[in-house]
Amino acid sequence: MTKEHYRNIAGEQGTVKIAETVIVSIAKQAAAEVQGVSGVAEGLTQNLQALWKQCAAAQGFKVRFYGNRVSVDLSILVEYGYIVPEVAKKVQEAVQTAIQSMAGLQVESVGISVQGIVFPQQLAWEDAGQEPI
């Protein structure tokens, strides 16, 4: 069992604890909504999970708190045909905006690791519920 990390935010009416997993959930959802992102760490379907496992450097998510600031690192898969640096920049912006608005924390950095490209035939196999050949 891993130890849960929290960020305590003192307010006029008491302390609010925000779990690291909350930051991860916000970041995952924000990244998944960016056009061109095919997968975000754990949010992948079965066949794409197999592709994901092939990415040796895939680390998923890392969250670090610094007072009322946070840094997030996440890994994504990008759909073929999209410009990888542009997708990564849009993910950075989406994650930063979501964390700041939902958790009230300043985002120091959002690191993106692009772990692979997903080709149209892989997505078609997923839609048909088939395994790649």
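**Group meeting: salt bridges, a ring pair and helix H3**

The side chains of lysine 89 and glutamate 93 form a salt bridge, 2.9 Å from N to O. I start with that pair, and I should say at once that this is a predicted model. Both residues belong to helix H3, which runs over residues 84-103, and they sit four residues apart, about one turn of the helix. The general point behind that spacing is that an α-helix has 3.6 residues a turn, so residues three or four places apart point the same way. Lysine 89 has a relative accessible area of 47%, so it is classed as partly exposed. Glutamate 93 is partly exposed as well, at 40% relative accessibility.

Now the chain as a whole. Its secondary structure consists of four helices and six strands. In sequence order the pattern is β-β-α-β-α-β-β-α-β-α. Of the 133 residues in the protein chain, 37% are buried. Among contacts with a separation of 6 or more, 67% are between residues 24 or more positions apart.

Back to the salt bridges. How many does a search of the whole structure find? The search gives three, and the pair in H3 is one of them.

Another joins the side chains of glutamate 108 and arginine 69, with 2.1 Å from N to O. This pair links distant parts of the chain, since glutamate 108 is in strand S6 (residues 106-118) and arginine 69 is in strand S5 (residues 69-79), 39 residues apart. Glutamate 108 comes out at 42% relative accessibility, which makes it partly exposed. Arginine 69, at 40%, is partly exposed too.

The remaining salt bridge is between the side chains of arginine 64 and aspartate 73, again with an N to O distance, here 2.9 Å. Arginine 64 has 23% relative accessibility and counts as partly exposed. The cut-off for buried is under 20%. Aspartate 73 has 27% and is also partly exposed.

Staying with strand S5, the next residue is serine 71. Is serine 71 buried or exposed? Its relative accessibility is 2%, so serine 71 counts as buried. The side chain of serine 71 has a polar contact with the side chain of serine 109, at 3.2 Å. Outside the neighbours within four places in sequence, the contacts of serine 71 are Lys62, Val63, Arg64, Tyr66, Glu108 and Ser109. Two names there have come up already: Arg64 takes part in the salt bridge with aspartate 73, and Glu108 in the one with arginine 69.

Next, the aromatic rings. A pair of aromatic rings is described by the distance of the centres and the angle of the planes. The count here comes to one aromatic pair. The partners are tyrosine 80 and phenylalanine 119, in a tilted arrangement with 5.2 Å centre to centre and 35° between the planes. This pair also links distant parts of the chain: tyrosine 80 is in the loop between S5 and H3, and phenylalanine 119 is in the loop between S6 and helix H4 (120-128), 39 residues apart. Tyrosine 80 is exposed, with 53% relative accessibility. Phenylalanine 119, at 34%, is partly exposed.

That leaves helix H3 itself. At 1.5 Å a residue, its 20 residues should span 28 Å, and the end C-alpha atoms are 28 Å apart, so the two figures agree. Which residues of H3 are buried? They are Val87, Ala88, Val91, Val95, Ala98, Ile99 and Ala103. These residues cover an arc of only 100° around the axis, and therefore lie on the same side of H3. Pro85, Thr97 and Ser101, on the other side of H3, are exposed. The cover over the buried residues includes strand S1 (6-11), strand S2 (14-19), helix H1 (20-32), strand S3 (37-40), S5 and S6. Both S5 and S6 thus appear in the cover of H3, and they are also the strands that hold arginine 69 and glutamate 108.

Last, the residue that follows H3. This is glycine 104, with a positive phi near 70°. Glycine 104 lies in the loop between H3 and S6. With a relative accessible area of 57%, glycine 104 is exposed. Where does it stand relative to asparagine 68? Glycine 104 and asparagine 68 are 36 residues apart in sequence, and their C-alpha atoms are 8.4 Å apart in space.

Methods: Residues are numbered from 1 along each chain as its sequence is written. This is a predicted model: local features need pLDDT of at least 70, side-chain atom pairs count only at pLDDT 80 or more; totals for chains, interfaces and linings use all residues. Side-chain values use heavy atoms; hydrogens and water are left out. A salt bridge is a side-chain nitrogen of Lys or Arg within 4 Å of a carboxyl oxygen of Asp or Glu. Buried means under 20% relative accessible area, exposed over 50%, partly exposed in between (1.4 Å probe, protein chains only). Helices (H or I, at least four residues) and strands (E, at least two) are DSSP runs, numbered from the N terminus. Rings of Phe, Tyr and Trp (its six-membered ring) pair if their centres lie within 6.5 Å; planes under 30 degrees apart count as stacked, over 60 as edge-to-face and the rest as tilted. A polar contact is a pair of N or O atoms within 3.5 Å; within protein, one must be able to donate a hydrogen and the other to accept it, and residues adjacent in sequence count only if both atoms are side-chain atoms. Contact means heavy atoms within 4.5 Å. The expected span of a helix is 1.5 Å times one less than its number of residues. The arc is that of the directions from the helix axis to the C-beta atoms.
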